Amino acid sequence: MPALPLDELQLTERDPKTGKLRTLPALHPEIKADRSFVLYRPPPVVRDPALVEEFLERAKFIADDLNWLLALPHDKFWCQVIFDETLQKCLDSYLCYAPRKFDALLDCHPEVNDMQKCLHRSVFLTFLRMSTHKESKDHFITPSVFGEIIYNNFLFDIPKILDLCVLFGKGNGLLLQKMIENIFTWQPSYFSDLDETLPTVLQVFNNILHKCGLQCEGASAEPQKLEERVNVTPGNMPLQELKDIVLYLCDTCTTLWAFLDVFPLACQTFQKHEFCYRLASFYELAIPELESAIKKRHYEDNSVFADLWRRISHSRKKMIEAFHVLINQVCLQPILESSCENIQPFIEEFLQIFTSVLQERRFLRDYDELFPVEDDVSLLQQASSTLDETRTAYILQAVESAWEGVDRKKGQVVKDPTPPAMSNGASAIVESAAEDVEELGAAYASEDECAGAAAAPVGKVSGVELDSLISQVKDLLPDLGEGFILACLEEYSYNAEQVINNILEDKLAPYLDKLDRTMQRQLKPDPTPLVTSRYNVFQNDEFDVFSRDSVDVSRIQKGKRREKDTTRSLLNDKRLVAEQKERYSQYSVIVEEVPVQQGEAQLYKEDYEDEYDDTYDGNQVGANDADSDDELISRRPFTIPQVLRPKGQEEGQEEEEEDEEEEEEEAEKERTKDHFVQDPAVLRERAEARRLAYLARKGHKHDSSAVVGNVKGHGQNRETVQERRKKEANKSTRANHNRRVMADRKRNKGMIPS
């Protein structure tokens, strides 16, 4: 019997109040366990023993409760998730206050770090189970009902999904991608929610510009009033307010990039709101102003300057990467996957997007530094032969003009993204575009990505598997050396696809860029001796003296084999025959002749009695043999050849002969059957069945309605007259209708006096 989904399952239990049995749906509030989940608090900033103890105690409560929740059966887990409001508040508090990877590094106690990692993993597993509608073939929820449950009970919403991406994206990218795709697949209403959320996201950029005293094109539909103008700029605003703006910007950009990276299907919804153009315009207005304010401000503590610069560099990188993800998913990826007839709309979209951002020179320069526009245009030229060369040349010329007066070079490797400490704040900072590019490249290269909740270490690959990965990369990029490919594989956890993608997009780590791309692979000498490292067909067999201390000498044969092992010796060996003979002699199967001595013959003759045995004289043996002289006649009657038959009778006679043959075959089968005693009733039934079948084949009619005819005085039809005449003529052949004929016969012979 197939298992029912959880939404259709009914449970029978005893009512605790009345004691009577009742039936409840599996998803019912009364099944929920009474358990209170506490809210999450972030780790303490300082190593205060009291604060550390408070955090550890609270975090342990939450971790234990979540582990208890994860251990519940399928039905009880969903009852707790749907009807327990304290659980949802606990999970929301973690998503809001959990530290992000770009937050300031805290000098936390080791126990705090361990507890935070454990709690991080438990929260992720809880959300993962909440997004799974089918755990096994016996425990599942109908997909449509699952979509309604998570949507109507607010188990997931767009802000929660954004926080999940930024918290768990890097180490659990594949799991998180499948999780979010499952949510959006079974509940398409989330796409409309995302569409309604994007104006709020764009309003965040406008709020930042408004706080900085800037105005973005398209940010407000109404002109700004004179009395509302404020002379606040990033350079003269309070330090705390500047820090809040930079932190707000960093959090927003990182969250957007993480969501687009994990769930690329949302790019189409983003582009409906012209997100690429709005992002580039915001970048051009806000980033130079904020960087200038951070550089020119005097700081009492250089760590504050280092933290602000790290965050603004991180924000720049994530905005450029988000723009690249949008371009790749909206334009480039469909071109690579579609046929030549369908790529024209995507090419037009690409050209329109870059045409709209050509005036943003700073953004265009930074984007071209990380993702060269020339490579994308080259891809379009290879994909389409009808590409508008005028527009592409105009875009490339605008990119080149954005680099005027700036040295076009890659960012150098910088171990520490923090600029050098300044004695008087930012007096030693040189304001140049080339320096900005180097800082962006340094931040892009040296940023440390966190691992995530369930990320597992990747084992080292060697042997044939490593050679296969190297050949996989070398097939696509034959100009690269095996040594360089091996270094790239080690850097990117032996992921050949990621290595190929980063090489083609020029996104390799800086130390890999400094390596020689034609570097060959260095073979490490084998420390094992030659004898132990040999390999042949006799490796580890029973005569391998290098791997065995003792060898069975009796198994070794010198010269020819003995005579008994030849074919002749095997044929002459009668031991098996003697054994079988002795075995069957016990059953008296083999009777041997007994030699008779002289004088014993008379004794045997006296014992012999030659009396006639008449036991079976009553049976007629051989009287009905089938091989008698009239075999052909008894088996098949004489038939007239078809050539000598009268015309018109060939077919009918042939059918009669076939019918007679079938009857004889059936009779023969019945005779040959060995019935010890046959029931007379069964024999009569069979004879009657054969007679009826024979009459049916002859066309005999049993219906006597034609003899009865119509009512007297109304006349009779021709068929009735014929049937009556036939009945009158043939009625003496059966029953008792021939008495008059026999009486006349007796009278004519004088047997009865007249």
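The legends below accompany close-up views of a predicted model.

**Figure 1. Overview of the predicted chain.** The predicted model has 30 helices and 2 strands, and buried residues account for 33% of its 754 residues. Among the contacts with a separation of 6 or more, 70% are made by residues 24 or more positions apart. The accessible surface of the chain comes to about 49300 Å², with carbon and sulfur atoms contributing 52% of that area.

**Figure 2. The hairpin of β1 and β2.** Strand β1, residues 10-14, pairs with β2 in the antiparallel sense, and 5 bridges connect the two strands. Within this pairing, Glu13 stands opposite Arg22 of β2, and Arg14 stands opposite Leu21, also of β2. The hairpin has 6 residues between its strands, and Gly19 takes a positive phi near 80 degrees there. Arg22 also forms a salt bridge with Glu30, in which the closest N and O atoms are 2.7 Å apart; Glu30 counts as partly exposed because its relative accessibility of 48% falls between the limits of 20% and 50%.

**Figure 3. A nonpolar surface patch and the loop before α1.** Val45, Val46 and Leu51 together make a nonpolar patch of about 260 Å² on the surface. Of these residues, Val46 lies in the loop that runs between β2 (21-25) and α1 (49-70).

**Figure 4. Surroundings of Ser93 in helix α3.** Ser93 lies in helix α3, which spans residues 85-97, and its relative accessible area of 7% is under the 20% limit, so Ser93 is classed as buried. Apart from its neighbours within four places in sequence, Ser93 is in contact with Leu39, Tyr40 and Ala98. Between Ser93 and Val38 there are 9.5 Å in space, C-alpha to C-alpha, although the two are 55 residues apart in sequence.

**Figure 5. The nonpolar cores.** In soluble globular proteins, nonpolar side chains tend to be buried together. The largest nonpolar core of this model has 130 residues, and those with the most contacts inside it are Trp78, Phe259, Phe270 and Phe354. Helix α12, residues 302-337, gives the most to this core, supplying 15 residues. A second core, separate from the largest one, has 22 residues, including Leu477, Ala487, Ile503 and Leu512. When residues up to four places away in sequence are set aside, Phe270 touches Leu194, Leu198, Leu256, Phe259, Leu260, Phe275 and Leu326.

**Figure 6. Gln271 and the loop that holds Glu274.** Gln271 lies in helix α10 and counts as buried, because its relative accessibility of 14% is under the 20% limit. Not counting residues up to four places away in sequence, Gln271 touches Cys276, Val330, Glu349 and Ile353. Glu274 is found in the loop between α10 (267-271) and α11 (275-296). Most residues other than glycine have a negative phi, whereas Glu274, which is not a glycine, has a positive phi of about 55 degrees.

**Figure 7. Helix α14 and the salt bridge between Glu291 and Arg362.** Helix α14, residues 361-370, is mostly covered, with 9 of its 10 residues buried; among the buried residues are the charged Arg362, Arg365, Asp366, Asp368 and Glu369, together with Phe363 and Tyr367. The side chains of Glu291 and Arg362 meet in a salt bridge with an N to O distance of 2.9 Å. This pair links distant parts of the chain, since Glu291 belongs to helix α11 and Arg362 to helix α14, 71 residues apart. Both partners fall under the 20% limit and so are classed as buried, Glu291 having a relative accessibility of 2% and Arg362 a relative accessible area of 8%.

**Figure 8. Salt bridges elsewhere, and a shared network.** The structure holds 22 salt bridges. One of them joins Asp513 and Arg517, whose closest N and O atoms are 3.6 Å apart; Asp513 is partly exposed at 37% relative accessibility, and Arg517 is partly exposed with a relative accessible area of 29%. Through salt bridges that share partners, Glu291, Arg316, Arg362 and Asp366 are joined into one network.

**Figure 9. Ser493 in the loop between α19 and α20.** Ser493 is found in the loop that connects α19 (482-491) and α20 (496-504). Phi of Ser493 is near 55 degrees, a positive value in a residue other than glycine, and Ser493 is partly exposed, with a relative accessible area of 40%.

Key. Residues are numbered from 1 along each chain as its sequence is written. Side-chain values use heavy atoms; hydrogens and water are left out. Patches are made of residues with over 30% relative accessible area and no salt bridge: like charges are joined within 9 Å, nonpolar side chains (Val, Leu, Ile, Met, Phe, Trp, Tyr) within 5 Å. Accessible areas come from the Shrake-Rupley method with a 1.4 Å probe; for residues, only the protein chains shown count as cover. A salt bridge is a side-chain nitrogen of Lys or Arg within 4 Å of a carboxyl oxygen of Asp or Glu. Helices (H or I, at least four residues) and strands (E, at least two) are DSSP runs, numbered from the N terminus. A nonpolar core is a set of buried Ala, Val, Leu, Ile, Met, Phe, Trp, Tyr and Cys residues joined through side-chain atoms within 4.5 Å. Buried means under 20% relative accessible area, exposed over 50%, partly exposed in between (1.4 Å probe, protein chains only). Contact means heavy atoms within 4.5 Å. Two strands pair if DSSP finds at least two bridges between them.
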